[in-house]
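Hi,

Here is the model I said I would pass on, with my notes on it underneath. Have it open while you read, and shout if anything looks odd.

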Amino acid sequence: MGYYKTHVFCCTNERPVGHERGCCKEKGSDKLRSYMKVRVKELGLDAVRVNTSGCLDRCELGPTMVIYPEGVWYTYKSPADVDEIISRHLQKGERVERLLLPDVNIPEK
Ligand code: FES
């Protein structure tokens, strides 16, 4: 078996409460990443690796994830969002337009 062909990086960075940029962890990224990891395994997607990531510098739009090798960025708020990313992006090679982050969007700090 070869190594993974697709890597999903889910930011689970945590910042102190009240930080001006917020963080993905306070928006539930830990649980959603764990859910995604379990679902990918249950579905037998052996070529996909779901990883925990530090800050991806798009905090205000989080929780954020980026999928390589495509370099596609998503925001996701619920297990249903994760399910849609798995079924459409990872299984069918499509894009989930409603969850896509724009190419340039980092607000002024
Ligand atoms: S805290 Fe998740 S992108 Fe920065």
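E1, H1 and E2 form a β-α-β unit, and its hand is right. Before going further: this is a predicted model, so please read everything below in that light. The two strands of the unit, E1 and E2, are paired in parallel, with six bridges between them. If you want a residue to click on, take Val 8: its bridge partner in E2 is Val 50.

Val 8 is handy for the next strand too, since its bridge partner in E3 is Ile 67. E1 and E3 run antiparallel and are joined by four bridges. From Ile 67 you can carry on into E4, where its bridge partner is Val 72. E3 and E4 are also antiparallel, again with four bridges.

So what order do the strands take in the sheet? Reading across, it goes E2-E1-E3-E4, an open sheet of four strands with mixed pairing. E2 and E4 are the edge strands, each pairing on one side only. On average, neighbouring strands are turned by 20° against each other, ignoring direction. H1 packs on this sheet, where it touches E1 and E2, and its direction makes about 165° with that of E2. As a reminder on pairing in general, strands of a sheet pair through backbone hydrogen bonds, either parallel or antiparallel.

Now the helices.

H1 covers residues 29-42. It has 14 residues and spans 20 Å from first C-alpha to last, close to the 20 Å expected at 1.5 Å a residue. Which of its residues are buried? They are Ser 29, Leu 32, Arg 33, Met 36 and Val 40. Looking down the axis of H1, these buried residues fall within an arc of 100°, so they line one face of the helix. The spacing fits the textbook picture: an α-helix has 3.6 residues a turn, so residues three or four places apart point the same way. E1, E2 and H2 are among the elements that cover the buried residues of H1. On the other side of H1 you will find Lys 31, Val 38, Lys 41 and Glu 42, which are exposed.

Asp 30 also sits in H1. Is it buried, exposed or partly exposed? It counts as partly exposed, because it has 16 C-beta neighbours inside 10 Å and the buried class needs 20 or more. Leaving out residues up to four places away in sequence, Asp 30 touches Thr 12 and Lys 25. Its C-alpha is 20 Å from that of Leu 45, a residue 15 places away along the chain.

H2 runs over residues 79-91, and its buried residues are Val 82, Ile 85, Ile 86, His 89 and Leu 90. What do they pack against? The list is E1, H1, E2, E3 and E4.

Some backbone details are worth checking before you set anything up. Two peptide bonds are the place to start:

- Gly 62 to Pro 63 is cis, with omega about 0°. Pro 63 is in the loop between E2 and E3.
- Tyr 68 to Pro 69 is cis as well, with omega near 20°. Pro 69 is in the loop between E3 and E4.

Then there are the residues with positive phi:

- Gly 44, just after H1, has a phi of about 75°.
- Gly 93, just after H2, has a phi of about 75°.
- Gly 71 has a phi near 70° and belongs to the hairpin of E3 and E4, which has three residues between the strands.
- Asp 57 has a phi of about 65° although it is not a glycine.

Where is Asp 57? Like Pro 63, it is in the loop between E2 and E3. Asp 57 is exposed, because it has 12 other C-beta atoms within 10 Å and the exposed class takes 12 or fewer.

That is what I have so far. Send over any questions once you have had a look.

Cheers

Methods:
Residues numbered from 1 in each chain as written. Predicted model: local features only at pLDDT ≥ 70, side-chain atom pairs only at ≥ 80, totals over all residues. Contact = placed C-beta atoms within 7 Å. Pairing = 2+ DSSP bridges. Right-handed = clockwise from strand over helix to strand, strands pointing away. Axes fitted to C-alpha atoms, helices over the stretch in contact; angles between N-to-C directions. Expected span 1.5 Å × (residues − 1). Arc of directions from axis to C-beta.
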